[in-house]
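Trainee: Could you take me through the open and enclosed spaces in this protein, and then the surface beside the DNA? I would like one close look at the inner space to begin with.

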Amino acid sequence: MTLSANLLDWYDRNRRELPWRIDKDPYKIWVSEIMLQQTRVEAVKEYYTRWLRRFPTPYELAAAEEEEVLYYWQGLGYYNRARNLQAAMSEVCAAYGGEIPNDEAALKALPGIGEYTAGAILSIAFDCRTPAVDGNVLRIFSRLFYVTEDITKSKTKRLISRLVSEYISLERPGDFNQALMDLGAMVCIPQTPRCAECPVLDFCQAYALDVQCTLPVKPAAKAPRELTLVAGIIQRGGEYLIRRRPSGNVLAGMWEFPAIEICDESCEKATLEQFIYTQFALKVLVQEKAFNYVHIFSHLKWYINFYHCQCFTGEVLFQDTQWIALSEWENITWAGPHRKAAEALWKNSVGGGPAA
DNA sequence: AATGCGGGGAC
DNA sequence: GTCCCAGCATT
């Protein structure tokens, strides 16, 4: 038996039934692959189903407002994926008549599609014999072939891509690639691989050397940069001021309570009042603290101090700002922790105060 | 080649 | 707490 045959046989008996494995519609495969970038299967399932219900073909997505596209992506993270996906579908509709191109160069020219995603779409939807090297494949092949180089280096990725090209199934390349995903998720897992269950154990050099747990090799993650922000919950006539985060920042395009980074926590109230005045032309009085949140990104750590603010003046509203009633909180595309803040305020207001 | 970009589940 | 996930774009 060959590596490929063992793997496919295992896949046929153990594959996961997933919503994007029901058919081979290239658009659906594409959507799933974008959602699955750096994102776990369990997290994607519901988003995928909801997305396909609202955007069943490239045309619905291309025609939608970006605001709505982001709303359907809210909570998945890496929001440029959603913007790129929509931009790509606009191109598909305009340049390819709504048909997904069956061509590596054409796919990789579209925004959001890189080496991995092009290979995945081509192999799964079009039966092309293209590798799709993701984190699972890097881990599995570094163990199978005892690759001790740093897998975050592009040279190592090229090496493993060549190995996959060498071993990928001729008859079922898409299933071969998906089998590697399932093997990586269920058997050849990062910390404690379940080698006793592995269908390609006989081919694994790391197992033979008993060094599975030392592979793959990658440098330790750097600690996230920490920063402190102060945010204003600005109430006026039962409504609250929110603003859309500017592009070029983390969580670009998402809505938040006005917030500013502070360097000196001792003067955060004054900083907030000044910020709100210069940015929104509103005179406010910062009152009592509402709550503190800590929010961890992969590369950032936010400490946010939320303050209630009383607003006295100002009718001018700038672009990307609006007043909203708290009852609308679920309809807003919130920036990360600001959703929790809005929800807490809402629950507080309908709960009728501190008493149970 | 290095960095920015989210959020959450498993341990 | 740490790790890491069906990565890509930009520099």
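Mentor: Happy to. Let us begin inside: the largest cavity holds about 110 Å³ of space. Keep in mind that this is a predicted model. The search turned up 1 cavity of 30 Å³ or more. Its lining is made of 13 residues, and nearest the centre are Arg 143, Cys 188, Cys 195, Cys 198 and Cys 204. Helix H9 gives the largest share of that lining, with 3 residues. Sorted by class, the residues around the largest cavity are 11 nonpolar, 1 polar and 1 charged. Cysteine is counted as nonpolar here, so the four cysteines named at the centre belong to the nonpolar class.

Helix H9 is a good guide to the next space, the largest pocket. H9 supplies at least two residues of the lining of that pocket, and so does each of helix H2 (26-35), helix H3 (41-54), H8, helix H10 (154-167) and helix H11 (173-186). The volume of the largest pocket is about 1,800 Å³. It is lined by 49 residues, and those closest to its centre are Gln 38, Asp 134, Gly 135, Asn 136 and Arg 139. The classes in this lining come to 20 nonpolar, 16 polar and 13 charged residues.

Now hold on to three of those names, Gln 38, Asp 134 and Arg 139, and turn to the DNA. There are 27 residues around DNA strand C, and Gln 38, Asp 134 and Arg 139 are among those that come nearest, along with Gly 112 and Thr 117. On the DNA side, 67% of the atoms of strand C that come within 4 Å of the protein belong to sugar and phosphate. One contact with the phosphate comes from Gly 114, which has a polar backbone atom 3.0 Å from a phosphate oxygen of DNA strand C. The bases are reached as well: an N or O atom in the side chain of Trp 20 is 3.1 Å from a base nitrogen of the strand. Tyr 116 also places a polar side-chain atom 3.3 Å from a base nitrogen of DNA strand C. Two elements, helix H8 (115-126) and helix H9 (135-144), give two or more residues to the surface near this strand. By class, that surface has 10 nonpolar, 9 polar and 8 charged residues.

There is one more space to visit. The second largest pocket has a volume of about 590 Å³, and of its 21 lining residues, Gly 77, Tyr 78, Tyr 79, Leu 251 and Phe 297 are closest to the centre. Domain 1 (3-214) and domain 2 (225-351) each contribute at least three residues to this lining. Among the elements, helix H6 (80-96) and strand S5 (284-296) each supply at least two. The lining divides into 9 nonpolar, 10 polar and 2 charged residues.

To set all this in the whole chain, chain A contains 14 helices and 7 strands. Its C-alpha atoms fill a box of roughly 75 × 50 × 40 Å along the principal axes, and 47% of its 356 residues are buried. If you follow one element through the model, make it H9, which lines the largest cavity, lines the largest pocket and adds to the surface near DNA strand C.

How values were computed. Residues numbered from 1 in each chain as written. Chains lettered and ligands numbered in written order. Predicted model: local features only at pLDDT ≥ 70, side-chain atom pairs only at ≥ 80, totals over all residues. Heavy atoms only, no water. Near = heavy atom within 4 Å. Polar contact = N/O pair within 3.5 Å; in protein donor to acceptor, adjacent residues only side chain to side chain. Helix = DSSP H or I, 4+ residues; strand = E, 2+ residues; numbered from the N terminus. 1 Å grid on protein atoms, 1.4 Å probe; cavity = no way out; pocket = protein on both sides within 12 Å on 5 of 7 lines; lining within 4 Å. Points joined across faces, edges and corners; volume = space filled by probe spheres on them. Domains from an automatic or database assignment. Buried < 20%, exposed > 50% of the residue type's maximum accessible area, 1.4 Å probe, protein only.
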